Each structure stands twice: as C-alpha cells, then as structure tokens.
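Reader: I'm new to this one, and I'd like to know how the labels people put on it are justified. Could you show it to me and let me ask?

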Amino acid sequence: MDVDEFIENPTLEALEAATKSELINIAKGLSLAEVRLSMKKREVRRAITQYYIVKDVFSAEVLENIPEKVPASGTAQLELEKLRLEHEIKLKQLEAAEKEKERAEKEKERAEREKERADKQREHALQLKELEVKREQERAEKQREHEVQLKQLEAAEKERERAEKEKERAEKEREAEKQRQHDLDMEKLRQERRAQGSDREERFNVSRELRLVPPFEETDVDSYFLLFEKVAVNQKWPKEQWVALLQSVLKGKAQRAYAALSMEEEEAENYDKVKEAILRTYELVPEAYRQKFRNLKKGWNQMNTEFAYEKGVLLDRWCTAETVEEDFWRLRELILIEEFKGCVSEDIRMYLNEKPNKSISEFARFADEYALTHKTKFS
C-alpha cells in the first residue's frame, strides 16, 4: 500500500485493507501523536478514522463499523459522544463560515455591480458633457463661418460697387477727355477755317476731317458706331462721306468685311450696308444678342448679383439692336426675372417664388442671402 497516495486520497476500503504497520505509517504521516506501537490494529484504524471524520472526509457512522474493546466503564462512550459533538460543532462552524463566505461574496458582487453602475453613470455623464461641448463648438464654428461668409459677401458687394463707381468715374473722365479733345480739335478747325477764309458751305475736305474720326475698337464695335455717328452728326458731316471717313480707321475683320463688299452694287458706298456688314462679321446683329442673352449661364464661382448684371447688359444690347423704346422696362424686368429663375437651383427657385414680384436686383439679393444661410455653394 502506498501511504502517501492514501493520505492524498483516503478511502474506507483502503483503510480496512491496510496492515498495522501501514496504519502506523499513515498515523505518522498524519502526525497523530496519540497513536503508539503498543496499540492494537483496530485502535490505530479507529484513531485514523476519527481524524478523517473531524476533517469531514468520513461520516461519523463509520466508527460504528470499527469494533473496540469493551471498556471497563462508560469512559469510551463519553469519549465517542464528545467526538460526535465536536464533529457537529465543526460542521456548524463550517456551515456558518460557508454562509459568511457566500454573504461576503454576494456583498462583494453587489459592491462591484454598484461600482460598475456608478462608473457607467459617470462615463455616460462625461460622454453627454463631451457631446454637448462638441455640439456647442460646432454651433460656434458654424456661426463664425456664417459671419465670415456674410462679411465676405458684404465685402464683395462693396468691392463690386466700388469697381462700378470707379468704372463710371473712369468712363466719365474718358468722355470728358474726349469732349475736351473734341472741343480743342473743333477750335483748331474753326481757326484754320477762319484763317483760310472758308465757311461751312465750302467744299467738304475728307483729309481735314480725318483727325476727328475716333479710332476703331474691335473689342466694342457696337459702342464704336454709336460714338462715330454722334461725332458725325455733331460735325455735320455729309452722310455720303461717312464711309470715306470710316474706312480710314477700319482694321482686322472690319477691314476685311468692308473689302468684301461689292463695288458694282454700291454697297461699299452705303454707310448703313457697311455698318450692317461689319456688325454681322462680329456677330453683333439682334439675333446674336438674343442668343447671347438666352445662352448666358451662371458660372460656378460667380456671384448671383454679378450674373444678373451681365444678363441685364446683354438684354439692353438686344433691345437696342431691335430699336426698342423706353417703354420696355417693365418687360425687361419680367424677362430677367424669368431667365434668372431658370438658372438657379430648385430650392432657391422655390424660395424666390414665395417673394413678391420685385426687380431683378432684389431677386438676386434674395438668392444670395438664401444660398449663404443654407451654406450652399455658388453653382
């Protein structure tokens, strides 16, 4: 029999099958001081059994199966009763300790759950606070962006107004300079005529009048003809001499268009036909103005007010080419508003439909305000 193995895993069968020497070794292994070599086998086995009963390995009923010598008195019975009571006390102590352990574990679990719940509540409160701070920062950022865009829009509007005023001022200065130069030229011409003793009825001199002919501008042909005709009328040039004066300053496509006119049909001598041919060369006929007006689309980075201004310029030129008089202004506003609505996005168009029927400049301002408020890109 392996004593160490028995001590590790004690069983009643192995205990009953053990010899006295093996029982003595088991008792030594268990440090049972009361076991002596002079004791009988059953006494040693009984002592070992009592040890395992105390350790709650064997039940107390096992002692009933182990015979012992009949005592001379009731001392053995009292000893057995004492062992039984001690065993019951130890069982109750073990049960109480187990219950205390379970209670402590439950209390620990409850405390851990409470701590976990408190941690989750703190974490949730912290997340809510962080979310609120983030939302507040986003609102502040959007407000700042809105204010910056408003300032940019105001600055752009002011810059556009300043540029327009500067352009008007420069135009007035050019007109004034042209007028001063014209007055000087006229004064020189009058002095020359007085010196020669001639008057307005003398024979017309083309070479003398050439200095008064304004230089031809290919970039603004329609405006040039208005200027040329104004000078011609003021100088009282004979209309049959207008072509002679005009052809002296023509260049580029205008010069080629004049050269292509037929001399046999006297087209080259007719001012109106020459003007019509040159305007047609530069595609400056009423139909061209109409197509430019209809086909002009808003650029992705263009302000609505700037786009509306360009539309107005094209419409003015179209109406001028069609000889529309001053009673067209209401029609002009209606056409511009209709065209403008067709060039903006659907949401802006619905917003403008709710507005009273005002001028095109008011509609353009409404569209810019709506686009800025709803943070849409100019498209």
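Reader: What makes α7 roughly antiparallel to α10?

Author: Keep in mind that this is a predicted model. The axes of α7 and α10 (residues 271-281) come within 10 Å and cross at roughly 160 degrees. Angles over 145 degrees count as roughly antiparallel, so α7 and α10 get that label.

Reader: What is the handedness of the crossing where α7 passes α10?

Author: That crossing of α7 and α10 is right-handed.

Reader: Why are α9 and α10 called oblique to each other?

Author: Helix α9 (residues 252-259) packs with α10 at an angle of about 130 degrees, their axes being 9 Å apart. The range 65 to 115 counts as roughly perpendicular and over 145 as roughly antiparallel. An angle of about 130 degrees fits neither of those ranges, nor the one under 35 degrees for roughly parallel, and therefore α9 and α10 are oblique. As for handedness, α9 passes α10 in a right-handed crossing.

Reader: What is unusual about the phi of S31?

Author: Most residues other than glycine have a negative phi. S31 is not a glycine, yet its phi is positive, about 60 degrees. You'll find S31 in the loop between α3 (20-29) and α4 (41-54).

Reader: How do you know whether S31 is buried or exposed?

Author: The cut-off for exposed is over 50% relative accessible area. S31 has 63%, so it is exposed.

Reader: And what about K236: what is its phi, and is it buried or exposed?

Author: Phi of K236 is near 60 degrees, again positive in a residue other than glycine. K236 sits in the loop between α7 and α8 (242-247). With a relative accessible area of 66%, K236 is over the cut-off, so it counts as exposed.

Reader: How much space lies in the largest pocket, and which residues lie nearest its centre?

Author: The largest pocket holds about 750 Å³ of space. Its lining has 23 residues, and E175, K178, P214, L227 and V231 are the ones nearest the centre. Two elements give two or more residues to that lining: α5 (75-196) and α7 (221-235). The largest share comes from α5, with 8 residues.

Reader: What makes up the lining of the largest pocket in terms of nonpolar, polar and charged residues?

Author: The lining divides into 9 charged, 8 nonpolar and 6 polar residues. For the sorting, Asp, Glu, Lys and Arg count as charged.

Definitions and conventions:
Residues numbered from 1 in each chain as written. Predicted model: local features only at pLDDT ≥ 70, side-chain atom pairs only at ≥ 80, totals over all residues. Heavy atoms only, no water. 1 Å grid on protein atoms, 1.4 Å probe; cavity = no way out; pocket = protein on both sides within 12 Å on 5 of 7 lines; lining within 4 Å. Points joined across faces, edges and corners; volume = space filled by probe spheres on them. Helix = DSSP H or I, 4+ residues; strand = E, 2+ residues; numbered from the N terminus. Buried < 20%, exposed > 50% of the residue type's maximum accessible area, 1.4 Å probe, protein only. Axes fitted to C-alpha atoms, helices over the stretch in contact; angles between N-to-C directions. Left-handed = near helix turned anticlockwise from the far one by under 90°.
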